[in-house]
Amino acid sequence: MYIYGGFSQRCSDFCDDLWMFDIAMKAWRQVYSEGELSHLDGFLDNYGWGGPGKRWKFSMTNDDEIVAIFGGFRLWHGYAQENSEANDWSNYKTLPPGGYLDDLWFYTKTLDFTTKPGSTFKSATGVWQKVIPREICRANPGISWASRFDTICSYTWPPERAGHGSALDLKRGRFWIFGGYRTYYPYLSTDSYGASNGSDVGSGGFVPYPQYLYFLNDLWYYSLITGEWTEVVQADGDPNPDARMDMVFLLTEDVIFMHGGYADNYLYDDVW
């Protein structure tokens, strides 16, 4: 059993450590300590940050030796003092890209067939992979001769979220997510924290996006075969769960079960 990240005082705020519980040994083993994974070679992005990074309220599920992590939340980078509306909150030197997240990671554990269960800890090594969006390109010729072979490329990807449900189904080569919660940045209203420099309060007192959907009830799957996301849209009139977060979302054989959740000051107790 593996656990990753979360929120804890031992991490100052959000965590990025990975732990393994060896059932035969009945004991925990730390695979990556706090901050270690973020500095491994091959993980660094254009801003110098690497690995899944600090986060909580993400989904983490597994099937056999593969663990999948999607989304979650961490401190928004706009709260760094060097960020403000003037630079469009685009400096990532102090804090990595944050707020609500939409990235997908896979951790594939190296199976240990040599260690006798219970004699000592089994190997905890594995390989991390960040999923890069796969673009689909199509012809988009212009009216001029020079642009006759122009193409346009795009990709489909679910929006950022936290508190959602997920399930990994290697039998069908799919990773599922449902629902969750999100909000937009840099601010909920123009006089809230973060609307000015760093975490400073702004001015104005209006809500930029009053119709924004905070709680979600969309269902997506990522194909491990094609590398593409697909949203499953119910036909008009078909039953569909209400938007929610923090639900139980469990794949068993050929069926995904969902129970409970929370949204808009209401605790659900339904089963789907």
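**Reading sheets, patches and salt bridges**

Q: Val-248 lies in strand S14. Is this residue buried, partly exposed or exposed?

A: Happy to help, and please keep in mind that we are looking at a predicted model. Buried means under 20% relative accessible area and exposed means over 50%, with partly exposed in between. Val-248 has a relative accessibility of 49%, so this residue counts as partly exposed.

Q: Which residues form a nonpolar patch on the surface together with Val-248?

A: Its companions in the patch are Leu-250, Val-255, Phe-257 and Val-271. Together the five residues have about 450 Å² of accessible area. To place the patch on the fold, look at strand S14 (248–252) and strand S15 (255–263), each of which supplies at least two of its residues.

Q: Let me turn to sheets. What is the order of the strands in the open sheet of three strands?

A: Reading across that sheet, the order is S1-S2-S3, and the pairing is antiparallel. The edges are taken by strand S1 (2–7) and strand S3 (27–32). Each of these has a single partner strand, so one side of each is left without a neighbour in the sheet. Ignoring direction, neighbouring strands here are turned by 35° against each other on average.

Q: How many bridges join strand S2 to S3?

A: There are five bridges between strand S2 (residues 14–22) and S3, and the two run antiparallel. For a handy place to check the register, find Trp-19, which stands opposite Gln-30 in S3.

Q: Now for charges. How many salt bridges does a search of the whole structure find?

A: First the general idea: side chains of opposite charge can pair when their charged atoms come close. In this model, the search finds 12 salt bridges. One of them joins the side chains of Glu-34 and Lys-54, with 3.8 Å from N to O. Both residues lie in the loop between S3 and strand S4 (59–63), so the pair ties together parts that are 20 residues apart in sequence. Glu-34 is partly exposed, at 35% relative accessible area, and Lys-54 is also partly exposed, at 27%.

Q: With which residue does Arg-172 form a salt bridge?

A: Its partner is Asp-169, and their closest N and O atoms are 2.7 Å apart. The two ends of this pair are worth comparing: Asp-169 is buried, with a relative accessible area of 5%, whereas Arg-172 is partly exposed, at 34%.

Q: And which residue forms a salt bridge with Asp-254?

A: That is Lys-171, with 3.4 Å between the closest N and O atoms. Asp-254 lies in the loop between S14 and S15, and Lys-171 lies in the loop between strand S10 (165–169) and strand S11 (174–181), so this pair ties together parts that are 83 residues apart in sequence. Both ends are exposed: Asp-254 has 53% relative accessibility, and Lys-171 has a relative accessible area of 64%. Salt bridges that share partners then join Asp-169, Lys-171, Arg-172 and Asp-254 into one network.

Q: One last residue: where is the place of Ile-132?

A: Look in the loop between strand S7 (126–130) and strand S8 (136–139). Ile-132 has 60% relative accessibility, so this residue counts as exposed. Distance along the chain and distance in space are separate things to read. Ile-132 and Asp-103 are 29 residues apart along the chain, and their C-alpha atoms are separated by 8.6 Å.

Key:
Residues numbered from 1 in each chain as written. Predicted model: local features only at pLDDT ≥ 70, side-chain atom pairs only at ≥ 80, totals over all residues. Heavy atoms only, no water. Helix = DSSP H or I, 4+ residues; strand = E, 2+ residues; numbered from the N terminus. Buried < 20%, exposed > 50% of the residue type's maximum accessible area, 1.4 Å probe, protein only. Pairing = 2+ DSSP bridges. Axes fitted to C-alpha atoms, helices over the stretch in contact; angles between N-to-C directions. Patch = residues over 30% accessible without salt bridge, like charges linked within 9 Å, V, L, I, M, F, W, Y side chains within 5 Å. Areas by Shrake-Rupley, 256 points an atom, 1.4 Å probe, with all protein chains shown as cover. Salt bridge = Lys/Arg side-chain N within 4 Å of Asp/Glu carboxyl O.
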